[in-house]
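Subject: Structure for you to look at

Hello,

Here is the structure I said I would pass on. Please open it next to this message and follow along.

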2 protein chains.
Amino acid sequence: MQEIMQVAAQVFRDKGYSEALTAQIAARAGVVEGTIYRYFPGKRDLLIRVVEQWYERILADYDQQLRVLQGTRARLRFLIWRHLTVIHNEPGMCRLIFNQLRAWPEYRRTTVFDLTREYTRRTLEIVQQAIDAGEFRADLPLRIVRDMIYGGVEHHTWVYLRGEGDFSPDTAADAMTELVYRGLACEQPASSQRPPRPAPAEVTLRRLEAVARRLEQSAGAKGGSARV
Amino acid sequence: MQEIMQVAAQVFRDKGYSEALTAQIAARAGVVEGTIYRYFPGKRDLLIRVVEQWYERILADYDQQLRVLQGTRARLRFLIWRHLTVIHNEPGMCRLIFNQLRAWPEYRRTTVFDLTREYTRRTLEIVQQAIDAGEFRADLPLRIVRDMIYGGVEHHTWVYLRGEGDFSPDTAADAMTELVYRGLACEQPASSQRPPRPAPAEVTLRRLEAVARRLEQSAGAKGGSARV
DNA sequence: TTCATTAGTGAGTATTGCTCATCAATTTAG
DNA sequence: CTAAATTGATGAGCAATACTCACTAATGAA
């Protein structure tokens, strides 16, 4: 069965989903076509399993790398750069995820879906921490920030994924990080240092925002369906 | 032939590309299956023609509306809002474009491709003009800005396109415009011009409003299924 | 009237994901 | 140690569906 998945991964990568024939996968795996359907309910499920296995491997050392980094900017850049790099290194798999998997109704019940949520949640955390620290402003919805980061990354890589060009993960990550960072950063220390006026209201606001966050989390935690 | 395209548009919208059967399109159009292939080389080309026709109609009054608007921020917001609104109003067609058309090799030879380029070129122009006017900084690649805008929009609308939630074009457009604008704006005119400091009370109010908004959202998120 | 062109037909084909009755091998039971 | 049962694999065949093509009907020109 591992043999089938290995071969399937390769064929899917090379030919894309609809051009990859179950007959060919079976032949290359040295089994007959019916054998595939003993282990997988259908071609779609085969792809899902293949992608899931790949994705878990990709995300394995992810947290470890992130934990080392200090500072909002460095951590944000790492997230962006990482995503860009995965796409750059594995265009075949990413094409399958972007074009096929994500369009299917089964997608939500996939661990790819869950892992992606987990993956992007890191981004929200970093932004949230920066907000708490007074580094970022608090008046933009976190989701929008996440959408612009990940959407921007994918949009940027389309041409490459269509096999019609290339891109530099480093250059792109620098520019995107800069744009997001400046878009979210509080007023630059114009003249004097940091908090020119801590203002009692500031403390109050921070605590209000913390309350809101807790409410969000508790409200979100109970519903099992989609949110945030 | 117009009849076939009309029907095809409807069936594609309703059922998606692969679930839409040529037999069904033919039947509903009151012709036999072979007739479709007299006018269109294949099912793919039929979809392409359908989308092209739709897209041209969508972009018809686009420039006219844009020309009226003054100011970088208003124009940027319009572009973003417009894209969000099209997706919100025509999820079926947009799904077809995002999931099918754009993944095909023929895509580049499509007028949809050209029209999209033309469409996003407006964004680059606006940003470029703001750079020339000294309103925006010049050290970020224009393409990145464009990618984050359009990628962000699409990423934001996924859940809705999967039929699992909703979004507000207005709210999203506000937030995205703000993020991009602040990310690109040059240092605020520190001394002269503009409210040098928006007055602490104003800042406090804005942030309180943001807190309120988040509370509303989290309160709303718990009921029903997914949204916002 | 006749020929040519165009529009349309529908029976048929090729491809391909998938099923299922059957066989072989391996494990468990008596 | 034989018999039964479970598991693994087979491959012939089915069903769905995009697409083809030889042929007919209608329309227009000479």
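Below is what was found in it, beginning with the DNA and ending with the salt bridges.

Please keep in mind that this is a predicted model.

**Around DNA strand C**

There are 13 residues around DNA strand C, and the ones that come nearest are A:Thr22, A:Lys43, B:Thr35, B:Arg38 and B:Tyr39. Of the strand's atoms that come within 4 Å of the protein, 61% belong to sugar and phosphate. By type, the residues of this surface are six nonpolar, four polar and three charged.

Three contacts are worth finding on screen. A:Tyr37 has a polar side-chain atom 2.9 Å from a phosphate oxygen of DNA strand C. With A:Lys43 the atom involved is a polar backbone atom, 2.7 Å from a phosphate oxygen of the strand. B:Arg38 reaches a base instead: a polar atom of its side chain is 2.8 Å from a base nitrogen of DNA strand C.

Which elements give two or more residues to this surface? They are helix H3 (33–39) of chain A and helix H3 (33–39) of chain B. H3(B) gives the most, with four residues.

**Helix H9 of chain A**

Helix H9 of chain A covers residues 142–161, which makes 20 residues. At 1.5 Å a residue it should span 28 Å, and its end C-alpha atoms are indeed 28 Å apart, so the two values agree. Is this helix mostly covered or mostly open? It is mostly covered, with 17 of the 20 residues of H9(A) buried. After H9(A) comes A:Gly163, which has a positive phi, near 75 degrees.

**Salt bridges**

Over all chains, the structure holds 32 salt bridges. Three of them are described here.

The first is between A:Arg108 and B:Glu164, with the closest N and O atoms 2.8 Å apart. This pair crosses between chains. A:Arg108 sits in the loop between helix H7 (91–100) and helix H8 (111–132) of chain A, while B:Glu164 sits in the loop between helix H9 (142–161) and helix H10 (169–184) of chain B. A:Arg108 has 24% relative accessibility, so it counts as partly exposed.

The next one stays within a helix. A:Glu118 and A:Arg121 form a salt bridge whose closest N and O atoms are 2.8 Å apart. Because the two are three residues apart in helix H8 of chain A, about one helical turn separates A:Glu118 from A:Arg121. An α-helix has 3.6 residues a turn, so residues three or four places apart point the same way. Both ends count as partly exposed: A:Glu118 at 33% relative accessibility and A:Arg121 at 35%. A:Glu118 and A:Arg121 also belong to a network of salt bridges that links them with A:Asp63, A:Arg122 and A:Glu125.

The last one is in chain B, where B:Arg77 forms a salt bridge with B:Asp174, the closest N and O atoms being 2.7 Å apart. B:Arg77 is in helix H6 (residues 72–89) and B:Asp174 in helix H10 of chain B, so this pair ties together parts that are 97 residues apart in sequence. B:Arg77 has 24% relative accessibility and counts as partly exposed. B:Asp174, at 44%, is partly exposed as well.

Regards

Technical notes:
Residues are numbered from 1 along each chain as its sequence is written. Chains are lettered from A and ligands numbered from 1 in the order in which they are written. This is a predicted model: local features need pLDDT of at least 70, side-chain atom pairs count only at pLDDT 80 or more; totals for chains, interfaces and linings use all residues. Side-chain values use heavy atoms; hydrogens and water are left out. A residue is near a molecule or strand if one of its heavy atoms lies within 4 Å of it. A polar contact is a pair of N or O atoms within 3.5 Å; within protein, one must be able to donate a hydrogen and the other to accept it, and residues adjacent in sequence count only if both atoms are side-chain atoms. Ala, Val, Leu, Ile, Met, Phe, Trp, Tyr, Cys and Pro count as nonpolar, Asp, Glu, Lys and Arg as charged, and the others, Gly among them, as polar. The expected span of a helix is 1.5 Å times one less than its number of residues. Buried means under 20% relative accessible area, exposed over 50%, partly exposed in between (1.4 Å probe, protein chains only). A salt bridge is a side-chain nitrogen of Lys or Arg within 4 Å of a carboxyl oxygen of Asp or Glu.
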